[in-house]
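Here is a short report for a reader new to this structure. Look over the model first, then read on.

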Amino acid sequence: MRERTGSIEEPTENGDATARRPMVEARSVSKVFGSGDSELRALDAVSVTIREGEFFTLLGPSGCGKTTLLRMIAGFEHPSDGAILLDGADISGLPPYRRPVNTVFQSYALFPHLTVAGNIAFGLEMLGRPAAEVADTVERMLRMVRMEAMRDRLTSQISGGQQQRVALARALAPQPKVLLLDEPLSALDLKLRKEMQIELKRLQTETGITFVFVTHDQEEALTMSDRIAVMRDGQILQIGSPHEIYERPADHFVASFIGETNFLAATVETRTGERGRIRLPGGLVAETDLFESMAPGDAVAAVIRPEHLRVQPAGSGSGLAATVATIVYLGTDTQYHLRLESGEMLVARVQNGPSGSPGLADGAAVEASFAPTAVRVLRD
Amino acid sequence: MRRAEIRRNWLLATPALILLLAAASGPLLIAVVYSVLEPGDYSGVVWKLSGEGWFRVLFNRDIFDDTVSLADAHLTIFWRSASLSLMTTFFTLLLGFPTAYFIATRPLRQRMLWLFLVTIPFWTNLLIRTFAIMEVIRNEGIANSTLMALGLIDAPIQMLYTDASVLAGMVYVYLPLMVLPLYASLDRLDFRLVEAAYDLYASRIAVLRRVIIPLVKPGIVAGSILVFIPSLGAYVTPRVLGGGKNMMISNLIELQFGEGRNWPLGAALSITLLAFVMVALIFYVRNMAGEQRNG
């Protein structure tokens, strides 16, 4: 499983990212908490390279080790094995206050005894910057996060969204080489979260600072990231651009974790070079990229995204025959839960046109069709 | 709150209020009245108005020629009371802070055990504990005999009946009163703030000075008051460990009501002590009000 990590790392669409120098490197980092029976391996020989100026996201369910990795870059945890490099230098042994890295905490962790300006100034004061420079930078930061009017408020006297912006300004003020963000948006309501996503992206572009963002929210990851590392059980399963991760998930877990997916049992029919034909239930055939190990006759898992399925009344010809089990109206689109003849369930997501959703009722016999290119196979 | 509810709550509080009023203001009133009367020949008071009691708090009148001089002995005792109390507060804070920090950073289940251990001295009577200290530090006591047996000293060191022994005794007695409020404050401290400070380049000392101490200040102030006020009125500790010559205010007051046979002076001294305490409390209340304003 491990050797795969390297091989999936494909060049990103934005080509110059590969040319940039590495800013953070984790070299087969492991972290073990506890010992004996209660031993917990939070990270298992994880290697990853985050490049300068990148918006890099560690994505995974809780307990996957993403926060542990982040805390190691910050210096709150130390690797049991392996090394963390920052801008080429090994920082594994440095305490947090000796690392040019700042964190935006999930809880914000703003100092309640200091004002908004006092919070932003804290890091600069600790670095011993001259008062004039501190005052200057604080002003600039307040302007950047649009909090000038709140300068003298205590942090308990401002809203959650404002606290979030102060936490950002406080972490950005010392101009760290890397900004770490530990699920900073999870405490905000949906609307504010959307706004902050755009705000974060703007700040990252403006400052050019490398952002390492931790989240369990795949949508958040897809929206903001240059590259995403999908993690599970202390390992990185796949690293790639949002597009790659979504369109070419490396395995079953990545496919199911990122967006909704339908899994279908399929068989490889023929193979020519990298590509091949696979047979799906109901006799349908699709052409797709195959992994090296796959040969004709192999049973493979095929995935198809719900938005790539079309739902038509039965009798139109090419498609998987199914009956409608449930219809969920979602506003912009409608979700059809379909039952195939084999008993397998399939979800289709159809965009609602100006005339509303197509008039299909529960129990209707339908056909689900898709473009032959919409199907991908997974490594099993 | 509805009016009936308010009335009922007052009613519930009435017995305690009456008790407090009777127990606190009654004796206080007596003390105030006695302080402006003349002393009786053998004790008690003569019902004749006089300012002599108050006068004698700070001044001496020569028995032969009525010349007035400052009551040096009293001033020394006031000074000793104030300085010993301040030092007690300082040392309990110095010892109590790391203790409370240690307890507050233990796993939850261990904390209860440590707190329990801190309160164990309360199980034994203060007088007995103080005599125990005396047993340790007196000239023929455990400390001196051990040091002599080890050959570190030739003659016993005079530890008992010094200001230092009084201070040590008071620090010992009042330490839990410092640890408990400090623990309560440190327990509420969000250690993620400490982490945030480390992240923002604060060294260990800077974290303590700039984050932890400002945040646990209410606990520091509460603990200081809880230690300082009873220290000021300490009676048993200076009596047992200070002997006759290292008196504090309470011992002086007792002397006036006992051998001194000067109740008006004793009463005036009591009220003086009360005034000291009031000053400390006003400082506390103002400080707390300030904290509240700042959120």
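## Chain A as a whole

Of the 380 residues in chain A, 52% count as buried. Buried means under 20% relative accessible area, exposed means over 50%, and partly exposed lies in between (1.4 Å probe, protein chains only). This is a predicted model: local features need pLDDT of at least 70, side-chain atom pairs count only at pLDDT 80 or more, and totals for chains, interfaces and linings use all residues. Residues are numbered from 1 along each chain as its sequence is written, chains are lettered from A and ligands numbered from 1 in the order in which they are written, and side-chain values use heavy atoms, with hydrogens and water left out.

Chain A has 10 helices and 20 strands. These are DSSP runs, numbered from the N terminus: helices are H or I with at least four residues, strands are E with at least two. Along the principal axes, the C-alpha atoms of chain A fill a box of roughly 75 × 50 × 45 Å. Take the contacts in chain A with a separation of 6 or more: residues 24 or more positions apart account for 66% of them. Contact means heavy atoms within 4.5 Å.

The exposed surface of chain A is about 16400 Å², and carbon and sulfur atoms supply 50% of it. Accessible areas come from the Shrake-Rupley method with a 1.4 Å probe; for residues, only the protein chains shown count as cover.

## Where chain A meets chain B

The interface brings 26 residues of chain A into contact with 19 residues of chain B. Together the two chains bury about 2100 Å², with 64% of it on carbon and sulfur atoms. Buried area is the accessible area (1.4 Å probe) that two parts lose on being put together, summed over both. Three residues, A:Tyr97, A:His113 and A:Met126, supply 30% of the area that chain A buries against chain B, more than any other three.

Across this interface the rule finds two salt bridges. A salt bridge is a side-chain nitrogen of Lys or Arg within 4 Å of a carboxyl oxygen of Asp or Glu. One of them joins A:Glu125 to B:Arg210, with the closest N and O atoms 2.8 Å apart. The rule also finds seven residue pairs in polar contact across the interface, both residues at pLDDT 80 or more. A polar contact is a pair of N or O atoms within 3.5 Å; within protein, one must be able to donate a hydrogen and the other to accept it, and residues adjacent in sequence count only if both atoms are side-chain atoms.

Helix 3 (66-74), strand 6 (101-104) and helix 4 (116-126) of chain A each supply at least two residues of the side that touches chain B. Helix 4 gives the most, with four residues.

## A buried threonine

A:Thr57 lies in strand 3 (residues 55-59) of chain A. A:Thr57 counts as buried, at 0% relative accessibility. The side chains of A:Thr57 and A:Ser225 share a polar contact of 2.5 Å. Leaving aside neighbours within four places in sequence, A:Thr57 is in contact with residues including A:Phe213, A:Ala221 and A:Ile228.

## Two residues with positive phi

A:Ser28 is not a glycine, yet its phi is positive, at about 30°. A:Ser28 sits in strand 1 (residues 22-33) of chain A and counts as partly exposed, at 37% relative accessibility.

A:Glu183 is not a glycine either, and has a positive phi of about 40°. A:Glu183 is found in the loop between strand 7 (178-182) and helix 7 (190-207) of chain A. A:Glu183 is buried, with a relative accessible area of 8%.
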